[in-house]
Amino acid sequence: GAERGKWKTHKRLRIVSGALGGRRILSPDTPSVRPMMERVRGAAMDMLVARVAKSARGFPTGSRWLDLYSGTGAVGVEAVSRGCAGAHFVECDSDVLKRVLNVNLRSLDVHGVASKNGGAAGDVVVHPMTVEVFLNRHRESRGEPFEFISVTPPYQLVDYSVLLELLGSSGALCSDRSTVLVEFPLEESRAIPEKLCVSTHEDASAVNGDLRLARERRYGRTVLAMYSPANM
């Protein structure tokens with residue numbers, strides 16, 4: 001791709017399946033942005049659809065996805081491609097936002113696909129801020145929690161236990177009915193809790209229930225953990 005600033009872009013990444021399956025997306029050729037590997041992303045979606053949606057066709061009607069540490073937006077876009085009606089993307093790097101994420105959302109018409117999936121107008125949203133700021137803003141706010149949440153941070157820059165505790169306390173985003181997908185390196189396994197405590201909308205200090213660690217899958221040195229409702 002054309003070089004601007006300090007890094008180039010390329011179009012080697014693809015959306016794996018669904019309405020946008022096979023379409024290529026922009027990705028920055030820089031180590032500071034590490035998109036979820038195509039193979040891992042496809043496997044993660046297959047795992048979620050099989051376990052949660054219980055339908056080979058895709059995610060349940062009206063479901064929404066929160067893509068934390070979006071980068072290219074590949075995870076949230078894949079979710080919309082497979083049937084989600086809305087997706088929110090949280091990314092703080094202004095260059096990635098301008099040159100990659102927003103370009104991908106426009107070029108693939110992710111808004112249009114989400115609308116065809118039954119999404120409300122404007123429910124494909126980019127939040128240009130850090131994940132920590134975004135989660136803290138929702139600790140005491142009201143809103144409809146997301147059915148699905150992906151956490152794919154730069155491995156060396158986060159404390160997973162702190163991050164997941166913060167997510168659980170963001171009652172307007174994550175509830176005891178949400179399913180949370182966490183990507184982490186093998187060496188961080190000890191920091192991944194067996195359950196994710198979540199809070200009510202009304203009182204962020206009151207525990208509403210737990211999401212349990214339902215499954216872990218290893219792909220080389222990358223591990224995916226899935227938290228889901230205890231009754232699922």
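These notes go through a predicted model, taking confidence, individual elements and a few single residues in turn.

1. Confidence. The model is predicted, and its mean pLDDT over the chain is 86, with 89% of the residues at 70 or above. The pLDDT falls below 50 over residues 201-207, a stretch that nevertheless has 15 contacts in the model beyond near neighbours in sequence. Those contacts should be read with the pLDDT below 50 in mind.

2. Strand 3, helix 2 and strand 4. These three elements form a β-α-β unit of right-handed sense. Strand 3 covers residues 64-68, helix 2 covers residues 74-81 and strand 4 covers residues 86-91. The two strands are paired in parallel over five bridges, and Trp65 is placed opposite Ala87 of strand 4.

3. Helix 2. Eight of the eight residues in this helix are buried, so the helix is mostly covered. The buried set consists of Ala74, Val75, Gly76, Val77, Glu78, Ala79, Val80 and Ser81. Glu78 and Ser81 are thus listed as buried alongside Val75, Val77 and Val80. Just past the end of helix 2, Gly83 has a positive phi of about 120°.

4. Tyr69. This residue sits in the loop that joins strand 3 to helix 2. Tyr69 is not a glycine, yet its phi is positive, at about 60°. Its relative accessible area is 14%, which makes Tyr69 buried.

5. Arg41. Is this residue of helix 1 buried or exposed? Arg41 is buried, because its relative accessible area is 0%. Helix 1 runs over residues 38-53. Beyond neighbours within four places in sequence, the contacts of Arg41 are Leu13, Arg14, Ile15, Val16, Met36, Ala74, Val75 and Glu78. Of these contacts, Ala74, Val75 and Glu78 also appear among the buried residues of helix 2.

6. Strand 4. Six of the six residues of this strand are buried, so strand 4 is largely enclosed by the rest of the structure. One side carries Gly86, His88 and Val90, the other Ala87, Phe89 and Glu91, and both faces are covered. Besides its parallel pairing with strand 3, strand 4 pairs in the parallel sense with strand 5 (residues 124-128), again over five bridges. Within that second pairing, Val90 is opposite His127 of strand 5.

7. Helix 3. The helix has 14 residues, and the distance from its first C-alpha to its last is 19 Å, close to the 20 Å expected at 1.5 Å a residue. There is a bend of about 30° at Leu101. Leu101 is itself among the buried residues of helix 3, together with Val96, Leu97, Arg99, Val100, Asn104 and Leu105. In an α-helix there are 3.6 residues a turn, so residues three or four places apart point the same way. The elements covering the buried residues of helix 3 include strand 1 (9-14), strand 2 (24-28), helix 2, strand 4, helix 4 and strand 5.

8. Asp109. The loop between helix 3 (94-107) and helix 4 (110-116) contains this residue. Asp109 has a positive phi of about 50° and is not a glycine. With a relative accessible area of 44%, Asp109 is partly exposed.

9. Strand 7, burial. Seven of the seven residues in strand 7 (residues 179-185) are buried. Both faces are covered, with Thr179, Leu181, Glu183 and Pro185 on one side and Val180, Val182 and Phe184 on the other.

10. Strand 7, pairing. Which strands pair with strand 7? Strand 6 (residues 148-151) pairs with strand 7 in the parallel sense over four bridges, and the bridge partner of Ile149 is Val180. Between strand 6 and strand 7 the chain passes through helix 6 (residues 160-168) in a right-handed β-α-β crossover. Strand 10 (residues 222-229) is joined to strand 7 by six bridges and runs antiparallel to it. In that pairing Val182 stands opposite Ala225 of strand 10.

Terms used
Residues are numbered from 1 along each chain as its sequence is written. This is a predicted model: local features need pLDDT of at least 70, side-chain atom pairs count only at pLDDT 80 or more; totals for chains, interfaces and linings use all residues. Side-chain values use heavy atoms; hydrogens and water are left out. Buried means under 20% relative accessible area, exposed over 50%, partly exposed in between (1.4 Å probe, protein chains only). pLDDT is the predictor's confidence in each residue, from 0 to 100. Contact means heavy atoms within 4.5 Å. Two strands pair if DSSP finds at least two bridges between them. A crossover is right-handed if, with the strands pointing away from the viewer, the path from the first strand over the helix to the second runs clockwise. The expected span of a helix is 1.5 Å times one less than its number of residues. The bend at a residue is the angle between axes fitted to the seven residues ending there and the seven starting there.
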